[in-house]
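Please open the model in your viewer and keep the selection tool at hand. The tour below says what to select at each stop and what is to be found there.

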Amino acid sequence: MYSILKFPAQSTFKQIVTRPSLDSQSLDTLIKDVFEQVKSSGDQALRDFTLKFEKKSISDLAYTSEEISEKASLVPQELQDAIQLAYNNIYAFHESQKLVEKRIETSPGVVCWQKSSAIERVGIYIPGGTAPLFSTILMLAIPAQIAGCKEVVLCTPGDHPALFYAAKLCGVTQMFRIGGSQAIAAMAQGTESVPAVYKIFGPGNQYVTAAKMYANRLGVAIDMPAGPSEVAVFADDSANPAYIASDLLSQAEHGHDSQVILVSTSETILNESIEAIKSQLEELPRKEFAQSALENSQFILLKSKEEAIELLNEYGAEHLILACENPEDFADFITNAGSIFLGHYTPESAGDYASGTNHTLPTNGFAKAYSGVNLDSFVKKITLQSISKAGLENIGPSIIQMAEAESLQAHANAVKIRLS
Ligand SMILES: NC(=O)c1ccc[n+]([C@@H]2O[C@H](COP(=O)([O-])OP(=O)(O)OC[C@H]3O[C@@H](n4cnc5c(N)ncnc54)[C@H](O)[C@@H]3O)[C@@H](O)[C@H]2O)c1
Ligand SMILES: N[C@H](CO)Cc1c[nH]c[nH+]1
Ligand SMILES: [Zn+2]
């Protein structure tokens, strides 16, 4: 499990970076069944699946506002303060992503611009199977709040007081005690209690991720496939093996199916990091999760930084830590990653909680095509245009030419009638 792969040929990079495979056929069958049952039996199906998958018997699916306030009040002051600091930083970073309206005169008399319009009803999934990820509420509900989404529906199987505190702080409008694929099926299709939403956000395990992809096939928008957490670290001789080990373990502890990789041009750093992992692992309460995730891990020795860049771009890590000298120069060459952490004092957990960036990020190589969650994820961009008579005189002949060449006479007529 801790062996070092030394100087692999570049032609093998694609194969080296494959993620642990899932039995997608039986997963698809299960998800289809969950969606069908939730569609036909609504709330009762949600209760039945909760009993089946979580061994929990529930009657009311929604939390009342009194229940939310009562649970939120159990959060100790120090944790409230920590959440407030994270809230402020996440708010500031996402607010800075607001669209600045720019009107462009593309031809004289022809003006085009865009506006942002919030998605009115969004659903956010907050994992809670083995750890109550209340930080994910901040990551999803803060941008929803800034965007101006009217309804924010939250589903979670978790019960930690901080989940309720964060939900209140971020203006969540409805909260349900439902988890897994059944929660996604409910938000996608609607039930007696759970409203159908236009877009579903949030990370989760393989069941949640597969259910989001299924919902997407039914026409419900999703943020992205955000599955089991992963991190890749690039380390040169300047790196600190104890720091590297702590970063790799921080993602390995998420779950059995997490994956971590360490890429280095220094065999000494690789060996010392492996030793540091072994000793730090012993102290972890979630040692079992981390240990099985480490079975999917890779320690790779490469000849040069250029090879490391090639391999890391092929991997497209959810998180990429650059524990090296001049990390900004290195980052210039990275084209595929969810979020990049630069230098020796930027642990990945800073982005997970409080630096300000979003931690809901594409996994499983989806960073090649998807961005992580950001303010734009919660809005639609509507384009607007306004053309004066002189403007239409300028571009009209081109429109007529093109419409007639496409054999669409009515299109051409809409211009001709105004110019005649
Ligand atoms: N990519 C990201 O941005 C990101 C962020 C945070 C967390 N994560 C990932 O989220 C995941 C959280 O996983 P989790 O399991 O702790 O919580 P979870 O809430 O995603 O899943 C728990 C639910 O899974 C369902 N389930 C469990 N076993 C099942 C079975 N056999 N069949 C059908 N359904 C079943 C249950 O309904 C349960 O409520 C981790 O893999 C973590 O790495 C990813
Ligand atoms: N690392 C996770 C994203 O992959 C997010 C998270 C939440 N809490 C701790 N970590
Ligand atoms: Zn994490």
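A residue is called buried here if 20 or more other C-beta atoms lie within 10 Å of its own, exposed if 12 or fewer do, and partly exposed in between, with the C-beta atoms placed from the backbone. Helices (H or I, at least four residues) and strands (E, at least two) are DSSP runs, numbered from the N terminus. This is a predicted model, in which local features need pLDDT of at least 70 and side-chain atom pairs count only at pLDDT 80 or more, while totals for chains, interfaces and linings use all residues. Residues are numbered from 1 along each chain as its sequence is written, and chains are lettered from A and ligands numbered from 1 in the order in which they are written.

**The whole protein**

Begin with the full view, where the C-alpha atoms fill a box of roughly 80 × 60 × 45 Å along the principal axes. The protein has 17 helices and 14 strands, and 40% of its 420 residues count as buried. Two residues are in contact if their C-beta atoms, placed from the backbone, lie within 7 Å; among contacts between residues at least 6 apart in sequence, 73% join residues at least 24 apart.

Next, colour by domain, with bounds that come from an automatic or database domain assignment: domain 1 (4-20 + 228-357), domain 2 (42-226 + 375-379) and domain 3 (388-419). The C-alpha centres of domain 2 and domain 3 lie 45 Å apart, and the contact between these two domains takes four residues from domain 2 and five residues from domain 3. The side of domain 2 that touches domain 3 has two nonpolar, two polar and no charged residues, where Ala, Val, Leu, Ile, Met, Phe, Trp, Tyr, Cys and Pro count as nonpolar, Asp, Glu, Lys and Arg as charged, and the others, Gly among them, as polar.

**Helix α8 and its surroundings**

Now select α8 (180-189), a helix that is mostly covered, since nine of its 10 residues are buried. The buried residues are Gly-180, Ser-181, Gln-182, Ala-183, Ile-184, Ala-185, Ala-186, Met-187 and Ala-188. To see what covers them, add the elements that include α2 (24-41), α3, β4 (121-125), β5 (151-155), β7 (199-201) and α9. Just after α8, Gly-190 takes a positive phi of about 80°.

From this group, keep β4 on screen, where four of the five residues are buried. β4 and β5 pair in the parallel sense over five bridges, two strands being paired if DSSP finds at least two bridges between them. One bridge to pick out joins Val-122 to its partner in β5, Val-152.

**The annotated positions**

Which residues does the UniProt annotation "binding site" cover? The record, an unreviewed entry, lists Tyr-125, Gln-182 and Asn-205; UniProt positions are given in the numbering used here, feature names are shortened, and annotations may be inferred rather than shown by experiment. They span 81 residues in sequence, yet no two of their C-alpha atoms are more than 12.7 Å apart, so they gather at one spot.

Gln-182, in helix α8, is buried, with 30 other C-beta atoms within 10 Å. Leaving aside residues up to four places away in sequence, Gln-182 touches Val-34, Val-38, Ala-45, Leu-46, Phe-49 and Thr-50. Asn-205 lies in the loop between β7 and α9 and is partly exposed, with 19 other C-beta atoms within 10 Å. With the same sequence neighbours left out, up to four places away, Asn-205 touches Gly-129, Pro-228 and Gly-255.

**The two ligands**

Select ligand 1 and the residues near it, a residue being near a molecule if its C-beta atom, placed from the backbone, lies within 6 Å. There are 31 surrounding residues, and the closest are Gly-129, Gly-179, Gly-180, Pro-203 and Gly-204. The elements that give two or more residues to this shell are α3 (43-54), α8 and α9 (206-217). By class, the shell around ligand 1 divides into 11 nonpolar, 17 polar and three charged residues. Domain 1 and domain 2 both give residues to the shell around ligand 1, so this ligand lies between them.

Finish at ligand 2, surrounded by Leu-133, Ser-135, Thr-136, Ser-229, Gln-251, Glu-318, Asp-352 and His-359. The shell around ligand 2 has one nonpolar, five polar and two charged residues. Domain 1 and domain 2 both give residues to the shell around ligand 2, so it lies between them.
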